[in-house]
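Me: I've got this model open on my screen and I'd like a close look at one spot in it. Could you walk me through a single residue and then the helix packing around the chain?

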Amino acid sequence: MAKKSSNKKSAQKPQLQQIPPEHGLVVKNTGSAYRVRLDDGTETDCRIKGNFRIKGIRTTNPVAVGDEVEISLRDADTHYITSILPRRNYIIRRASNLSKESHILASNLDQAILVVSIVDPATPTTFIDRFLATAEAYNVPARLIINKSDLWNEEDLEYARAIEYLYSSLGYPTLLVSAHTGTGMDTLREWTAGKTTLFAGNSGVGKSSLINQLAPEADLRTGEISGQHHTGMHTTTFSEMVDLPYGGALIDIPGVKGFGVIDFAPEEVSHFFPEIFRTGRECRYQDCSHTGEPGCAVIPAVEESRIARSRYASYLSILEEARQTPASDKYRKPF
């Protein structure tokens, strides 16, 4: 029996209007959402799909503050980040919870400033060296700030001057400052004016106090120092871009206790220590690892104090880490 035709037209779902994607800048990452500043200056909260990935990079945060992104409206009132524009550079470290994954601290930077202190708490030179080596690897100019000069005695001042001399002589501009007395703050304003700057450091080194001096409207919360362990307590809980009233912006990130490097090949570690790389050109063998080969020029330079022992120790620690976790060379390829 032939099927009767129906005069009723089959119901069709209404077509959603296709809205072109909008361009924006990620200015805040709370972990569950991202705040994006659109080209017209307005800001909106965005989400990402659970399987969002960037070119196969295994990272705990596929979107970082400083990223230029495209967003689209997927639901009635929910925006989603649909793509990330190519990054100019970024700073990355080994994730603390997953040793095989990375954590991108910030992207598209003009410079990175590491804030350290020598008392309450004391920042290890190994931490400084790991940060600087990573900045070298990922094409980000780096500077160093030694904060809390108002707390120093004569011995502390002498040590701070030695740290200042060491890193300045290696090409990393270094500044002694105090957020409380204002020492060095004018120079810091000059350093940061008109630039996008990653502001990083251990917990308790005074990053928030410095930012409050540079951008009073930010009104960041500051914390006390643990009296038992002389370490800082976290006050920044998420990454955020802070606009500076004199132009430029700081990307403030939560304080970190350690700085694990990611994806360094053993043969390239020396490239990220300028003085070791320079001296290594005089080694007998081109592939010298500077760990005891005959004709090595680096070890005598360490013994003669032409290379700081602290820097050489940091080099060895990163070299050992790189040997244990061979590089796949996929993180630095985008630029």
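Reply: Let's start with Thr-174, which sits in strand β10, a run covering residues 174–176. Keep in mind that what you're looking at is a predicted model.

Is Thr-174 buried or exposed? Its relative accessibility comes out at 9%, and buried means under 20%, so Thr-174 counts as buried. As for polar partners, a polar atom of the Thr-174 side chain lies 2.9 Å from the backbone oxygen of Tyr-172.

What does Thr-174 touch further along the chain? Leaving aside residues up to four places away in sequence, Thr-174 touches Leu-144, Ile-146, Glu-164, Tyr-167, Ser-168 and Trp-191.

Some of those names lead on to the helices. Helix α2 spans residues 154–169, and one of its residues, Tyr-167, is also part of the contact with helix α1. Here's how that pair is arranged. The axes of α1 (residues 125–137) and α2 come within 13 Å and cross at roughly 25°. Angles under 35 degrees count as roughly parallel, so α1 is roughly parallel to α2. The crossing of α1 past α2 is right-handed. On the α1 side, the contact is made by Thr-125, Ile-128, Asp-129 and Leu-132, while α2 brings in Tyr-159, Ile-163 and Tyr-167. Sorted by type, the residues of this contact are 5 nonpolar, 1 polar and 1 charged.

Trp-191, another residue that Thr-174 touches, takes us to helix α3, which runs over residues 185–192. This helix packs with α4 (residues 207–214): their axes come within 11 Å and cross at roughly 80°. The range from 65 to 115 degrees counts as roughly perpendicular, so that is how α3 and α4 lie to each other. Met-185, Leu-188 and Arg-189 make the contact from α3, and Leu-210, Gln-213 and Leu-214 make it from α4. By type, the α3 and α4 contact residues split into 4 nonpolar, 1 polar and 1 charged.

Now zoom out for some context. The protein has 7 helices and 13 strands. Of its 335 residues, 50% count as buried, and Thr-174 is one that counts as buried. Taking the contacts with a separation of 6 or more, 67% of them are between residues 24 or more positions apart.

Terms used: Residues are numbered from 1 along each chain as its sequence is written. This is a predicted model: local features need pLDDT of at least 70, side-chain atom pairs count only at pLDDT 80 or more; totals for chains, interfaces and linings use all residues. Side-chain values use heavy atoms; hydrogens and water are left out. Axes are lines fitted to C-alpha atoms, for helices over the stretch in contact, and angles run from 0 to 180 degrees between N-to-C directions. Helices (H or I, at least four residues) and strands (E, at least two) are DSSP runs, numbered from the N terminus. Angles under 35 degrees count as roughly parallel, over 145 as roughly antiparallel, 65 to 115 as roughly perpendicular and the rest as oblique. Contact means heavy atoms within 4.5 Å. Ala, Val, Leu, Ile, Met, Phe, Trp, Tyr, Cys and Pro count as nonpolar, Asp, Glu, Lys and Arg as charged, and the others, Gly among them, as polar. A crossing is left-handed if the near helix is turned anticlockwise from the far one by less than a right angle, and right-handed if clockwise. Buried means under 20% relative accessible area, exposed over 50%, partly exposed in between (1.4 Å probe, protein chains only). A polar contact is a pair of N or O atoms within 3.5 Å; within protein, one must be able to donate a hydrogen and the other to accept it, and residues adjacent in sequence count only if both atoms are side-chain atoms.
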